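Could you walk me through this fold, strand by strand, and then show me what sits inside it? I'd like the short version with the residue names attached.

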Amino acid sequence: MSRTEPSRRGVLLGTLAVTAAAGLPATAAHAAPAGRHRPAATYPNPLVRQHADPHIHRHTDGFYYFTATVPEYDRIVLRRSRTLRGLTDVHEAVLWRKHSTGEMAAHIWAPEIHHIDGRWYLYFAAGHSDDIWKIRMYVLENSHPDPFKGTWTEKGRIATPWDTFSLDASTFTHRGRRYLIWAQQEPGIVNNSNVYIAPLANPWTLGGPPVRLSSPTLDWETRGFKVNEGPSVLIRNGRVFMTYSASATDSNYCMGLLTADARADLLDPASWSKSPVPVFTSNETTRQYGPGHNSFTVAEDGRTDVLVYHARQYKDIAGDPLNDPNRHTRIQRLGWHADGTPDFGVPVADTVR
């Protein structure tokens, strides 16, 4: 979700002259066999209407937990189902609502739910009542085994070295170490947001300095706005794949890919390579536009990787795309190339219901 309205974007650019592992995206226990390209669509799409920035976590209890940005930008919601299809019609609970004043009072965006060391955590971004574009990252914690019960406690803002526009926090573990990945504006870099990684001391506290992994420098990353955001990790076939979203939130929105060897130091930018072309884009044939801000989950068979993302069903938008509510949650099977790299294919067409 490219987060800043056009006037605010201009101001910011002008002033920047300066799964066994809890919390890992709940994906398949084993890599899909290299070279097997799976069929494109077996799921109803859209899966959930008017829910952007979707995140689906398959927990050890056998349930899928779904959360996403709602059009009102005012609350964090959660759905639960034993099947992916079931997320469409199941009851949606409100876990938390925005504050009336101060921090966490506007633009409640991109929630993700993770289970870490026996507790539930919700990562999200929010603005301030005095400045709705003062977006920062926050964390909620719940110690109850059932995230629909117990109390969600505010653990506060995730502090980084810069008090700047930051959002889209996600977390994963690799080789016994937990990391945070996110998007942020860095002083001295004239763009809207870059992708960063850092180790975590605990689920809401960085355990080391941020490392910038990607900045929007390519043509397809700078259409409308200069954006890298919404990172998500999938570890397969001896590599760490990190997707991210780029450009404005209209039909230019698309996904890029960073890749590192699974044995490499993930905190070394030199360990990562960027795809020179987007890996998932708008498609005129299937009539899906602006696909992005993805996460990954696993199908009911426990093996098949599933891509979770949002897209619109039309290209032309009246006004600011952030005010258009029709970014719908969509899912489809993720394919794999013979060399062990992900084959995203194209956003599938709507299904007939």
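Here is a tour of some strands, two buried residues, a cavity and a core.

This is a predicted model, so to speak of local features we need pLDDT of at least 70, side-chain atom pairs count only at pLDDT 80 or more, and totals for chains, interfaces and linings use all residues. Residues are numbered from 1 along each chain as its sequence is written, and side-chain values use heavy atoms, with hydrogens and water left out.

**Strands and hairpins**

Strands here are DSSP runs of E with at least two residues, numbered from the N terminus. Two of them pair if DSSP finds at least two bridges between them. Four pairings are set out below.

| Pair | Sense | Bridges | One facing pair |
|---|---|---|---|
| β1 (residues 52-58) and β2 | antiparallel | five | alanine 52 and threonine 69 |
| β2 and β3 (residues 75-81) | antiparallel | three | phenylalanine 66 and arginine 79 |
| β5 and β6 | antiparallel | seven | histidine 115 and tryptophan 120 |
| β6 and β7 (residues 131-142) | antiparallel | eight | leucine 122 and leucine 140 |

Take β2 (residues 64-69) to begin with: six of its six residues are buried, where buried means under 20% relative accessible area, exposed over 50%, and partly exposed in between (1.4 Å probe, protein chains only). Both faces are covered, with Tyr64, Phe66 and Ala68 on one side and Tyr65, Thr67 and Thr69 on the other. The hairpin of β1 and β2 has five residues between the strands, and glycine 62 there takes a positive phi near 90 degrees. β2 and β3 make a hairpin too, again with five residues between them, and its turn holds tyrosine 73 at a positive phi of about 55 degrees.

Strand β6 (residues 119-128) is also mostly covered, with nine of its 10 residues buried. The β5 and β6 hairpin has two residues between its strands, and aspartate 117 in the turn has a positive phi of about 50 degrees. β6 and β7 form a hairpin with two residues between them as well.

**Two buried residues**

Leucine 78 lies in strand β3 and counts as buried, at 0% relative accessibility. Its C-alpha atom is 9.6 Å from that of proline 111, which is 33 residues away along the chain.

Glutamine 185 is in the loop between β10 (177-184) and β11 (194-202). Glutamine 185 is buried too, with a relative accessible area of 3%. Which backbone atom does the side chain of glutamine 185 reach? It is the backbone oxygen of asparagine 192, at 3.2 Å.

**The nonpolar core**

In soluble globular proteins, nonpolar side chains tend to be buried together. A nonpolar core is a set of buried Ala, Val, Leu, Ile, Met, Phe, Trp, Tyr and Cys residues joined through side-chain atoms within 4.5 Å. The largest one here has 21 residues, and those with the most contacts inside it are Phe172, Ile197, Met242, Leu266 and Trp272. The elements that give it two or more residues are β10, β11, β13 (211-214), β14, β15 (239-246) and β16 (254-261). β15 gives the most, with four residues.

Definitions and conventions
A polar contact is a pair of N or O atoms within 3.5 Å; within protein, one must be able to donate a hydrogen and the other to accept it, and residues adjacent in sequence count only if both atoms are side-chain atoms.
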